[in-house]
Amino acid sequence: MSNNKQNRNELIINAFLDECISFDEPNNNGKNLIELLIVISSSEKICRAYPEISQVVYHLDSKKFHKISDFFGVTNTEHKDSYIFEVLRGQQKELTSLDNSQKNNINRLERHIRLSCYQRLYINDMAENANKVAVDAKDLADDAEEVANGAKAKVTNIYSEFVGILAIFTAMSFAMMGSVQALGNLFSNLTKAHKSTIGYTLIIGGVYLVIMYFLIMTLVLAMQKLFDTNKGSYGFNRKFIIFYFSFAVGMILVGLGVVITFG
């Protein structure tokens, strides 16, 4: 029985709000709205049916809800000093002539409709804010994931570069150790050497310098290509190269001269 009364109250409230929504439509003189409001004002139970009023207001579509909010002065309206429902109550003789009990019932109905509108607006704002926070949180999560992926890529590059550096310097170490040993063997017999032997030593030393230069520069260029791929070609120092190869060629020429002279 109570459910039937609840459904009946919802139907009456819904019909009343539909009349409020269509109040400003063409060919609508508001007669049906006024008659329905007079009937409702005689029923305190309908005017106090707060759950049913909230239920109807909360389930209005956005367009109808906006019109109801304007009609009851919750949102901005064309009326600067008063809202439509208040003007309607103050101008219609059928409503101004109601007894105090009926007017109080209309006041209760109006207050709760306005309250339900405010509550729905607040819920909508909270939902929008929650959605915005969720979107911001997703953006932050995406940014954090991007930063994490970038950091992971950098760590991987660091490991690769470390392995590359270790390999290159290991090769350079073996090359330099071998070169020092070769130089030691080359110059170990100079104390008892013939003059022609000194010439051969100078020739071999000059050739050795040329070979070592190409070996070291190969390793340096390999490092440059490994770590500075976006910086272009390696910049050679021309003065140093000219001096280095002049010295090496000079050693070879001097050695050849000694060998030819004393050989």
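Reader: Which residues make the nonpolar surface patch of about 420 Å²?
Author: The model is predicted. Its patch residues must each have over 30% relative accessible area and no salt bridge. Y122 is exposed, with a relative accessible area of 54%. The patch is made by Y58, Y122, I123 and M126.

Reader: Which helix gives the most to the nonpolar patch?
Author: Y122 is found in helix α8. That helix covers residues 100-187. With 3 residues in the patch, the top contributor is helix α8.

Reader: How many residues does the largest nonpolar core have?
Author: In soluble globular proteins, nonpolar side chains tend to be buried together. Here, the residues with the most contacts inside the core are F16, L17, I68, F72, F85, L109 and I113. The size of this largest core is 31 residues.

Reader: Which helix gives the most to this core?
Author: Several helices each supply at least two residues: α1 (2-21), α2 (31-41), α3 (44-47), α4 (50-58), α5 (62-71), α6 (84-91) and α8. The greatest share is 6 residues. It comes from α1.

Reader: What does F16 touch, not counting residues up to four places away in sequence?
Author: F16 is among the residues with the most contacts inside the largest core. Its partners include L33, L36, L37 and I40. The others on its list are F72, F85, L109 and I113.

Reader: How many residues are in the other core?
Author: This core lies apart from the largest one. Among its members are Y208, M212, Y213 and Y244. Its size is 5 residues.

Reader: Which residues of α5 are buried?
Author: Buried means under 20% relative accessible area. Within α5, polar names appear on the list too, S69 and D70. The full set is F65, I68, S69, D70 and F71.

Reader: Which residue follows α5 with a positive phi?
Author: At the start of this helix, a side-chain oxygen of D61 reaches to within 3.2 Å of the backbone nitrogen of K63. After the helix, phi is near 75 degrees. That residue is G73.

Reader: Where do R89 and E110 lie, and what is the distance between their closest N and O atoms?
Author: R89 lies in helix α6 and E110 in helix α8, so the pair ties together parts that are 21 residues apart in sequence. E110 counts as buried, at 9% relative accessibility. The two form a salt bridge. The closest N and O atoms are apart by 2.8 Å.

Reader: What separates D142 and K138 along helix α8?
Author: The two form a salt bridge, with the closest N and O atoms 3.3 Å apart. D142 is partly exposed at 35%, and K138 is exposed at 52%. They are 4 residues apart in the helix, so the separation is about one helical turn.

Reader: Which residue meets R48 in a salt bridge?
Author: A search of the whole structure finds 3 salt bridges. In this one, N to O is 2.6 Å. R48 is partly exposed, at 37% relative accessibility. Its partner, partly exposed at 41%, is E44.

Reader: How many helices and strands does the protein chain have?
Author: Read along the sequence, the pattern is α-α-α-α-α-α-α-α-α-α. The count is 10 helices and 0 strands.

Reader: What percentage of the 263 residues is buried?
Author: The accessible surface comes to about 17,900 Å², of which 60% belongs to carbon and sulfur atoms. For residues, the buried cut-off is under 20% relative accessible area. The buried share is 29%.

Terms used. Residues numbered from 1 in each chain as written. Predicted model: local features only at pLDDT ≥ 70, side-chain atom pairs only at ≥ 80, totals over all residues. Heavy atoms only, no water. Patch = residues over 30% accessible without salt bridge, like charges linked within 9 Å, V, L, I, M, F, W, Y side chains within 5 Å. Areas by Shrake-Rupley, 256 points an atom, 1.4 Å probe, with all protein chains shown as cover. Salt bridge = Lys/Arg side-chain N within 4 Å of Asp/Glu carboxyl O. Buried < 20%, exposed > 50% of the residue type's maximum accessible area, 1.4 Å probe, protein only. Core = buried A, V, L, I, M, F, W, Y, C linked by side-chain atoms within 4.5 Å. Contact = heavy atoms within 4.5 Å. Polar contact = N/O pair within 3.5 Å; in protein donor to acceptor, adjacent residues only side chain to side chain.
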